[in-house]
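Student: I have a structure open and would like to go through it piece by piece. Can we start with one helix and work outwards?

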Amino acid sequence: MTTISGARVFDGTDVLGTASVTLEDGVVTEVRPGSEHGGDVDGRGMTLLPGLIDAHVHLRGAGNLDQDLRYGVTTVLDMFSAPPQFTAMLRRRAATHTDEADLRSSGLMAGAVDGWPAVILPPDPSGWRMPGLSGPEDAEQFVADRVREGSDYLKVFVENPADVDRPVLSPDTVAAVCAAARSHGLQTVAHAPTRWAFRTAIESGVDILTHLPLDGPLDDDLDLAGLVVCPTLAMMRARSDARSTDELLADPRLLAGLDREVADALRAGDRGHLPVSSRPGTDYAHAAENLARLVEGGATVLGGTDANDVPGHAAAVVHGASMHLELELLARAGMSPRAVLQAATSVPADVFGLADRGRIAPGRRADLLLVAGDPLADVTATRDVRGVWRSGVRLSPVL
């Protein structure tokens, strides 16, 4: 049994004030208001939050999950990893390794035959090839195969064929994938980084949109209320600004959890081969303004980064550290600190049906993040990590 006492508690929804939180057998057993200091962990001057949930990552190795947890990200939602046996291996690890973030995954992403995302994968030594869809008639089999492999939700690649140089799914095929997923009880998440893709995904029946258009404002006639969107502002900025890593490099709190070789590579300009978009009209300001419109229009917002670094290598958006940058970008775009913290805890837990986490309450998983200061006053305080627990087990050392 462990008791964290004297900390300000944000329970995933709101601030409870100063309280003591007791953990036992992997769950929270008691939340007791008051400022007594007799616990095992002295939280005075700190804030205790639910562990962060990064609602959009790509996994390249178990080292990603280790790095996520060091930054207080206790759960990640993988939005495409391959091949299936690799994802299965990470699932098995996540079930037992309390020194790594837990995960849920879409497994393989729905894309066209010989198109995106298959073309970005290196050749597999086993001869495995990424399956693609040639039309709506392939949707049911594709979804059934993902269900058999254990996918928790379905990711769909939506792009305008005029914007890419490889085959993409037709709108009818996207709609068929969404219908097949619904019939199997799975939600769909769409890659939708342009105005065309965003609208097409909505009209095709996608449940959750990820990314925001960089090429202009959202269409005025869209009904924004009821949309669920993961903006991935960290990636949107990286795709539009070659100096997007400057803020990470300027904050010792964000560098603390990165290998020295990775930090040195970032300083040298290594972005993990991520290019800045050359599409006409690309501007990060469009993404930020689109988020402000979504918030004003009543959309549900999730915190997610699109982190995709190979463990031990640099990338424009790295696991763990980028989640804290994402929180600040959400706040800069007009979200209140309370809404930002909800977007990284209780909201993704609710949207993805993770009923055991995302909140600090008796019976919930003891996935916790203890930070110095008050992120409700300054959201960057989440970067000053003082303690991380996954399933009640404290990570040692932290940053």
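Student: What covers the buried residues of H1?

Tutor: This is a predicted model. The cover over the buried residues of H1 includes S7, helix H2 (84-96), S8 and strand S16 (385-390).

Student: Which residues of H1 are buried?

Tutor: They are Asn 64, Leu 65, Gln 67, Asp 68, Leu 69 and Arg 70. After H1 comes Gly 72, with a positive phi near 85°.

Student: S7 and S8 came up. What is the strand order in their sheet?

Tutor: The order is S6-S7-S8, in an open sheet of three strands with parallel pairing. Strand S6 (52-57) and strand S8 (102-105) are at the edges with a single partner strand each, so one side of each has no neighbour in the sheet. On average, neighbouring strands here are turned by 20° against each other, direction ignored.

Student: How many bridges join S6 to S7?

Tutor: Four, and the two strands run parallel; S7 covers residues 73-78. For Ile 53, the bridge partner in S7 is Thr 75.

Student: Which strands of that sheet does H1 touch?

Tutor: Helix H1 (residues 62-70) packs on the sheet and touches S7 and S8, with its direction at about 135° to that of S7. Helix H11 (residues 321-332) also packs on the sheet, touching S6 and S7, and its direction makes about 95° with that of S6.

Student: Next, S15. How many of its residues are buried?

Tutor: Five of its five residues are buried. Leu 368, Leu 370 and Ala 372 point one way from S15, while Leu 369 and Val 371 point the other way.

Student: Why would they split like that?

Tutor: Because side chains in a regular strand alternate between the two faces of the sheet.

Student: How many bridges join S5 to S15, and is the pairing parallel or antiparallel?

Tutor: Strand S5 (residues 46-50) is joined to S15 by five bridges, and the two run antiparallel. Thr 47 is opposite Val 371 of S15. S15 also pairs with S16, in the antiparallel sense, over four bridges. There Leu 370 is opposite Gly 387 of S16.

Student: What is the order in the sheet with six strands?

Tutor: That open sheet runs S9-S10-S11-S12-S13-S14, with parallel pairing. S9 and strand S14 (300-301) are its edges, each with a single partner strand, so each has one side without a neighbour in the sheet. Within this part, S10 pairs with strand S11 (residues 188-191) in the parallel sense over four bridges. Lys 155 has Val 189 as its bridge partner in S11.

Student: Switching to rings. How many aromatic pairs are there?

Tutor: Two. One is Trp 116 with Phe 157, stacked, at 6.5 Å centre to centre and 20° between the planes. Trp 116 is in the loop between strand S9 (109-110) and helix H3 (139-149), and Phe 157 is in strand S10 (residues 154-157), 41 residues apart.

Student: Is Trp 116 buried, exposed or partly exposed?

Tutor: Trp 116 is partly exposed, at 25% relative accessibility. Its partner Phe 157 is buried, at 7%.

Student: And what about Tyr 153 and Phe 352?

Tutor: They form an edge-to-face pair, 5.2 Å centre to centre with 65° between the planes. Tyr 153 sits in the loop between H3 and S10, and Phe 352 in the loop between helix H13 (346-351) and strand S15 (368-372), so the pair ties together parts 199 residues apart in sequence. Tyr 153 is buried with a relative accessible area of 2%, and Phe 352 is buried at 14%.

Student: How many disulfides does the count give?

Tutor: Zero. Cys 178 is in no disulfide, and the nearest cysteine sulfur, that of Cys 230, is 17 Å away.

Student: Why is that no bond for Cys 230?

Tutor: Because its sulfur is 17 Å from the closest one, in Cys 178, which is too far for a bond. A disulfide needs the sulfur atoms within 2.5 Å. Cys 178 is buried at 0% relative accessible area, and Cys 230 is buried at 2%.

Student: Last topic, the core. Which residues of the largest nonpolar core touch the most other members?

Tutor: Phe 198, Leu 233 and Leu 294, out of 77 residues. Helix H4 (residues 171-183) gives this core its largest share, six residues.

Student: What is Leu 294 in contact with?

Tutor: Leaving aside neighbours within four places in sequence, Leu 294 is in contact with Phe 198, Leu 212, Leu 218, Leu 224, Leu 227, Val 229 and Ala 299.

Key:
Residues numbered from 1 in each chain as written. Predicted model: local features only at pLDDT ≥ 70, side-chain atom pairs only at ≥ 80, totals over all residues. Heavy atoms only, no water. Buried < 20%, exposed > 50% of the residue type's maximum accessible area, 1.4 Å probe, protein only. Core = buried A, V, L, I, M, F, W, Y, C linked by side-chain atoms within 4.5 Å. Contact = heavy atoms within 4.5 Å. Pairing = 2+ DSSP bridges. Axes fitted to C-alpha atoms, helices over the stretch in contact; angles between N-to-C directions. Phe/Tyr/Trp six-rings, centres within 6.5 Å; stacked < 30°, edge-to-face > 60°.
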